[in-house]
Structures are given as structure tokens and as C-alpha cells.
Amino acid sequence: MHFTTRIDDSTARITVHGDIDYDTLPTLRAAAATLPPSVTELVWDLEHARFMDVAGLHLLFEQQAPEYPPRRTTVTNLAPQPLRLLLLAAELKPDLELTRLFPDTPTALLDD
């Protein structure tokens with residue numbers, strides 16, 4: 001797994017290339033933690049992440065540490081398997097607010 005980071009003004013886009021699992025979670029957490037304080041929105045681009053296990057849920061839903069600036073986190077370009085994992089998680093825990101996490105995903109997909 002590797003990733004690329006692009007920062008435009010107050011938005012950072014981290015594009016993941018490879019699986020998201022417990023082996024890659026520390027690296028991805030570190031990438032988010034080292035973003036400059038001026039970044040107020042973090043977009044995880046998962047177009048090239050075809051597999052995600054529960055570690056991906058931790059990455060996307062964990063609470064930010066108080067020493068970091070508040071950031072809005074979203075995800076885009078979900079492959080079928082990561083999307084299915086998120087939908088299953090939402091069935092088990094409806095308060096995950098999936099529409100907040102990926103605003104570019106049609107609502108019909110989230111309601112199925």
C-alpha cells in the first residue's frame with residue numbers, strides 16, 4: 001500500500017493505493033496526523049483501495065485527538081467492497097451518519 005497527498009488551500013486529499021487493513025492503518029493515521037493545521041477538510045480518495053477491513057472503519061470514524069484542529073472527514077470513489085462494509089456497519093450502528101462521510105454517493109445507494 002502507498003498513498004499520495006494533495007493539499008489545496010484548506011482541503012487535503014489522501015489517495016490510497018492498496019488495501020486498508022491493520023497493517024496499513026498506522027501509516028494512514030500518521031498521514032492524517034501530519035497534515036498542517038490549516039487543513040480543515042480531509043478527503044479520503046479510495047478509488048484504488050479495493051479492499052478495506054474493520055481498520056478502515058477505525059480510520060474513517062475515530063474521534064480526533066483534542067490536540068489536532070477539527071477537520072471534516074469525507075470519502076470519495078468507493079469501490080464495491082469498501083462501500084458494502086460501510087453499509088453493513090451502518091446497519092449495525094445507525095448513528096454512523098454515512099451521508100456525512102460520503103456526500104458524493106447517491107442517497108439511493110445508502111438506503112438499500
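# A walk from Ala31 outward

Ala31 counts as buried, because its relative accessibility is 8%, under the 20% cut-off. The model is predicted, and every value here is computed from it. Ala31 lies in helix 1, which spans residues 25–33. What does Ala31 touch, once its neighbours within four places in sequence are left aside? Ala31 is in contact with Phe3 and Ile14. Phe61 makes a useful reference point for distance. Ala31 and Phe61 are 30 residues apart in sequence, and their C-alpha atoms are 16 Å apart in space.

Go next to the N-terminal strands. Strand 1 covers residues 2–8, and strand 2 covers residues 11–17. The two run antiparallel, joined by seven bridges. One bridge pairs Thr4 with Thr15 of strand 2. Strand 1 and strand 2 form a hairpin, with two residues between them.

Asp9 and Ser10 both have their place in that loop. Asp9 is found between strand 1 and strand 2, and so is Ser10. What sets the backbone of Asp9 apart? Asp9 has a positive phi of about 55 degrees, although it is not a glycine. Asp9 counts as exposed because its relative accessibility is 74%, over the 50% cut-off. Ser10 counts as partly exposed, at 30% relative accessibility. Not counting residues up to four places away in sequence, Ser10 touches Ser38, Val39, Thr40 and Glu41. Leu98 lies 88 residues from Ser10 along the chain, and 22 Å separates their C-alpha atoms.

Now turn to the interior. The largest nonpolar core has 31 residues. Which of these residues touch the most other members? They are Trp44, Leu46, Phe61 and Leu86. Several elements each supply at least two residues of this core: strand 2, helix 1, strand 3 (41–48), helix 2 (54–61), helix 3 (80–92) and helix 4 (98–101). Helix 3 gives the most, with six residues.

Trp44 shows how wide a range of the chain meets here. Leave aside its neighbours within four places in sequence. Trp44 is then in contact with Ile14, Val16, Leu28, Ala32, Leu59, Leu60, Thr73, Thr74, Val75 and Thr76. Ile14 thus appears again: Ala31 is in contact with it too.

Helix 2 comes next. Is helix 2 largely enclosed or largely open? Six of its eight residues are buried, so helix 2 is largely enclosed by the rest of the structure. The buried residues are Ala55, Gly56, Leu57, Leu59, Leu60 and Phe61. Their cover includes helix 1, strand 3, strand 4, helix 3 and helix 4. Two of the buried residues of helix 2, Leu59 and Leu60, are among the contacts of Trp44.

Strand 4 spans residues 72–76. Strand 3 and strand 4 pair in the parallel sense, over five bridges. Val43 has Thr74 of strand 4 as a bridge partner. Four of the five residues of strand 4 are buried, so this strand is also largely enclosed by the rest of the structure.

Thr73 is a good residue to stop at in strand 4. Thr73 counts as buried because its relative accessibility is 14%. Residues up to four places away in sequence aside, Thr73 touches Leu42, Trp44, Leu60, Arg100 and Leu101. Beyond the strand lies Asn77, in the loop between strand 4 and helix 3. Phi of Asn77 is near 60 degrees, a positive value in a residue other than glycine. Asn77 counts as partly exposed, with 36% relative accessibility.

The last stop is the largest pocket. Rolling a probe the size of a water molecule over the atoms shows where empty space is left. How much space lies in the largest pocket? The volume is about 530 Å³. Of the 19 residues that line it, the closest to its centre are Leu59, Glu62, Gln63, Gln64 and Thr73. Helix 1, strand 3, helix 2 and strand 4 each give two or more residues to the lining. The lining residues divide into 10 nonpolar, three polar and six charged.

Thr73 and Leu59 link the stops of this tour. Both are among the residues closest to the centre of the largest pocket, and both are in contact with Trp44.

Methods:
Residues are numbered from 1 along each chain as its sequence is written. This is a predicted model: local features need pLDDT of at least 70, side-chain atom pairs count only at pLDDT 80 or more; totals for chains, interfaces and linings use all residues. Side-chain values use heavy atoms; hydrogens and water are left out. A nonpolar core is a set of buried Ala, Val, Leu, Ile, Met, Phe, Trp, Tyr and Cys residues joined through side-chain atoms within 4.5 Å. Buried means under 20% relative accessible area, exposed over 50%, partly exposed in between (1.4 Å probe, protein chains only). Contact means heavy atoms within 4.5 Å. On a 1 Å grid over the protein atoms alone, a cavity is a set of points where a 1.4 Å probe fits but cannot get out, and a pocket is an open set with protein on both sides within 12 Å along at least five of seven lines; lining residues have an atom within 4 Å of a point. Grid points are joined across faces, edges and corners, and a volume is the space filled by probe spheres set on the points. Ala, Val, Leu, Ile, Met, Phe, Trp, Tyr, Cys and Pro count as nonpolar, Asp, Glu, Lys and Arg as charged, and the others, Gly among them, as polar. Two strands pair if DSSP finds at least two bridges between them.
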